Amino acid sequence: CLRIIVVFPFMANNKQRNKTAVNIGPEQRVKEFGQDKFYAEGGLLWCKTCNELVDHVRCQTITDHLGTKKHTERANKRQHEATNNPTSNTLVMELVEAFMAANIPLEKVDNPTMRSFMQKNLKGGGGIPQANALGELYVTKI
Ligand SMILES: [Zn+2]
């Protein structure tokens with residue numbers, strides 16, 4: 001870990017010395033450990049994965065946190081969820097199948113109400129292609 005506490009012994013001036021011994025800020029920790037892991041808010045350091053406050057002053061606390069079972073389990077789960085997103089082909093296939101089975105024209109996916117319904121209620125629903133793209137991609141397969 002990075003330590004930004006630098007003391008110059010040759011400096012007689014106490015004021016100068018205090019200035020160099022700066023407490024590390026949460027933003028620096030974010031840079032150090034990665035923006036995908038932490039974020040700084042309200043002068044504090046938060047773990048993105050756990051949504052938990054982590055003491056940023058001591059580097060050891062942060063590394064300890066990253067090593068806890070609780071954190072790694074959550075991190076693994078997140079990774080898993082991330083790979084299942086965005087919109088899976090299965091979702092699109094099933095959607096097309098459902099539309100066709102119900103004799104609903106595929107153009108209806110472009111309907112604004114339909115689209116907002118899918119975005120809100122389907123996992124990855126925001127990534128469903130427009131009707132013409134759906135037709136090209138999937139109708140030939142069925
Ligand atoms: Zn965590």
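What average pLDDT does the protein chain have, and what share of the residues score at least 70?

1. Confidence. This is a predicted model. The protein chain has an average pLDDT of 80, and 73% of the residues score at least 70. Residues 16–21 fall below 50; apart from near neighbours in sequence, this stretch has nine contacts in the model. Any reading of that stretch should keep its score in view.

2. Overall make-up. The protein chain contains seven helices and three strands. Along the sequence they follow the pattern α-α-β-β-β-α-α-α-α-α. Of the 142 residues in the protein chain, 11% are buried. Among contacts with a separation of 6 or more, 39% join residues 24 or more positions apart.

3. The sheet. The three strands make an open sheet, in the order 1-2-3, with antiparallel pairing. Strand 1 (38–41) and strand 3 (52–54) are at the edges with a single partner strand each, so one side of each has no neighbour in the sheet. On average, neighbouring strands of this sheet are turned by 45 degrees against each other, direction ignored.

4. Strand 1 with strand 2. Strand 2 covers residues 44–47, and its antiparallel pairing with strand 1 runs over four bridges. Within this pairing, Glu41 is opposite Leu44 of strand 2. The hairpin of these strands has two residues between them, and Gly42 takes a positive phi near 60 degrees there.

5. Strand 2 with strand 3. This pairing is also antiparallel and has three bridges. Leu45 has Val54 of strand 3 as its bridge partner. Four residues lie between the two strands in their hairpin, where Asn51 in the turn has a positive phi of about 55 degrees.

6. The two faces of strand 2. In a regular strand, side chains alternate between the two faces of the sheet. On strand 2, Leu45 and Cys47 belong to the covered face, while Leu44 and Trp46 belong to the uncovered one. Helix 2 (residues 26–33) lies across strand 1 and strand 2, and runs at about 165 degrees to strand 1.

7. The nonpolar core. Which residues form the largest nonpolar core? The six are Phe33, Phe38, Leu45, Cys47, Val54 and Ile62. Leu45 and Cys47 from the covered face of strand 2 are thus found in this core, as is Val54, the bridge partner of Leu45. In soluble globular proteins, nonpolar side chains tend to be buried together.

8. Surroundings of Cys47. Leaving aside residues up to four places away in sequence, Cys47 touches Lys37, Phe38, Glu52, Val54, His65 and His71. Phe38 and Val54 also appear in the largest nonpolar core.

9. Ile24. This residue sits in the loop between helix 1 (14–20) and helix 2. Is Ile24 buried, exposed or partly exposed? Ile24 counts as partly exposed because it has 18 C-beta neighbours inside 10 Å, and a buried residue would need 20 or more. Ile24 lies 32 residues from His56 in sequence, yet their C-alpha atoms are 7.6 Å apart in space.

10. Helix 5. The 13 residues of helix 5 (residues 89–101) should span 18 Å at 1.5 Å a residue, and the end C-alpha atoms are 18 Å apart, so the two values agree. Just after helix 5, Asn103 has a positive phi of about 60 degrees.

Conventions
Residues are numbered from 1 along each chain as its sequence is written. A nonpolar core is a set of buried Ala, Val, Leu, Ile, Met, Phe, Trp, Tyr and Cys residues joined through C-beta atoms within 7 Å. A residue is buried if 20 or more other C-beta atoms lie within 10 Å of its own, exposed if 12 or fewer, and partly exposed in between; C-beta atoms are placed from the backbone. Two residues are in contact if their C-beta atoms, placed from the backbone, lie within 7 Å. The expected span of a helix is 1.5 Å times one less than its number of residues. Two strands pair if DSSP finds at least two bridges between them. Axes are lines fitted to C-alpha atoms, for helices over the stretch in contact, and angles run from 0 to 180 degrees between N-to-C directions. pLDDT is the predictor's confidence in each residue, from 0 to 100.
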